[in-house]
Amino acid sequence: MTTLTQQLRELSTTIAVAGAEHALSQRRLGFGVDTKSSMTDLVTDVDRSTEAMIVSRILTARPDDGLLGEEGGERAGTTGVRWVIDPIDGTTNFVYDHPGWAVSIGVEVDGVVVAGAVACPSLSMTYSAAAGEGATCNGAALQLPDTAPPLAHALVGTGFSYDSHTRRRQAQRLVTVLPNVRDIRRVGAAAVDLCSVAAGRLDAYFEEGLGPWDLAAGGLIAAEAGAHTSSLDGGPIADGSVLVCHPGLAAELVELLARAAREIDDSPS
Ligand code: LIP
């Protein structure tokens, strides 16, 4: 007898894979591109058609659930289950045909993410997790190693805002961070970054300003693989601020990020 959480994991995985196949096939046919919050914040008609396809599949299976989609799909449900959907996370990569993009579907029960899947078709990787039941990539269990690397050997992912003023401060923060870690990777899709920490392809990832759809599935996958998850200041994740890393790196990274913020505030603008 499968539990609700197991059923939601299986359904989110099946639909995420189908959504990824849809997006990849639509890409080959050509697509239109628009902008949202700024000239660099892209959305394509494949984002929209993929979200519509995902919503249709969800409501066919579970007609009374709630929905929150990045491209506007939102409805209240009556079951306590809410689906949090990013139809294409990493839209800029999708447009430029870089592989770092994914379909991300998280599932909440009473406001807590309990299942989710991230399908990365160009990387041939499908991640999934259920609360208390671990995380997998292509069916193989994910578990962070017992020991963390030294901070100076940590490969750290991050991302940047679409707002140019915010990007300036984020770049200034790297002046402090970059000399103290192995290197930085800016993949361009939070869901891929979060799953990369779960899979050991990154030792840490931090970013601010994420939407709930960027974070829902990948955050659970990283936590179920044993990663530390918090805001940049080490507190509970809030307002789209996230630090995900090997637990042995968390205190040092919180301090390094705090020092970076102080150095920006203390520097002449
Ligand atoms: C992306 C995020 C990424 C961030 C990008 C962009 P989108 O989401 O997943 O972490 O750095 O700027 O916001 O807009 O491609 O769905």
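## A sheet, two packed helices and helix H7

Strands E5 (residues 81-89) and E6 (residues 102-109) run antiparallel and are joined by seven bridges. Keep in mind that this is a predicted model. Along that pairing, Trp83 sits opposite Val107 in E6.

Zoom out a little, and E5 and E6 turn up in an open sheet of eight strands, ordered E4-E3-E5-E6-E7-E8-E9-E10, with mixed pairing. Strand E4 (74-75) and strand E10 (140-142) are the edge strands, each pairing on one side only.

Two helices that pack on this sheet are set out here:

| Helix | Strands touched | Angle between directions |
|---|---|---|
| H2 (residues 45-61) | E3 (66-69), E4, E5 and E6 | about 155° with E5 |
| H5 (residues 190-198) | E5, E6, E7 (112-120), E8 (125-130) and E10 | about 100° with E7 |

Now for helix H7 (residues 250-266). With 17 residues at 1.5 Å a residue, H7 should span 24 Å, and its end C-alpha atoms are indeed 24 Å apart, so the two agree.

Which residues of H7 are buried? They are Ala250, Leu253, Val254, Leu256, Leu257, Ala260 and Ile264. These residues cover an arc of only 165° around the axis, so they lie on the same side of H7. The general rule behind this kind of pattern is that an α-helix has 3.6 residues a turn, so residues three or four places apart point the same way.

And what do the buried residues of H7 pack against? Their partners are helix H4 (164-177) plus strands E13 (204-207), E14 (228-230) and E15 (242-245). Flip to the other side of H7 and you'll find Ala251, Asp265 and Asp266 exposed.

Conventions. Residues numbered from 1 in each chain as written. Predicted model: local features only at pLDDT ≥ 70, side-chain atom pairs only at ≥ 80, totals over all residues. Heavy atoms only, no water. Pairing = 2+ DSSP bridges. Helix = DSSP H or I, 4+ residues; strand = E, 2+ residues; numbered from the N terminus. Contact = heavy atoms within 4.5 Å. Axes fitted to C-alpha atoms, helices over the stretch in contact; angles between N-to-C directions. Expected span 1.5 Å × (residues − 1). Buried < 20%, exposed > 50% of the residue type's maximum accessible area, 1.4 Å probe, protein only. Arc of directions from axis to C-beta.
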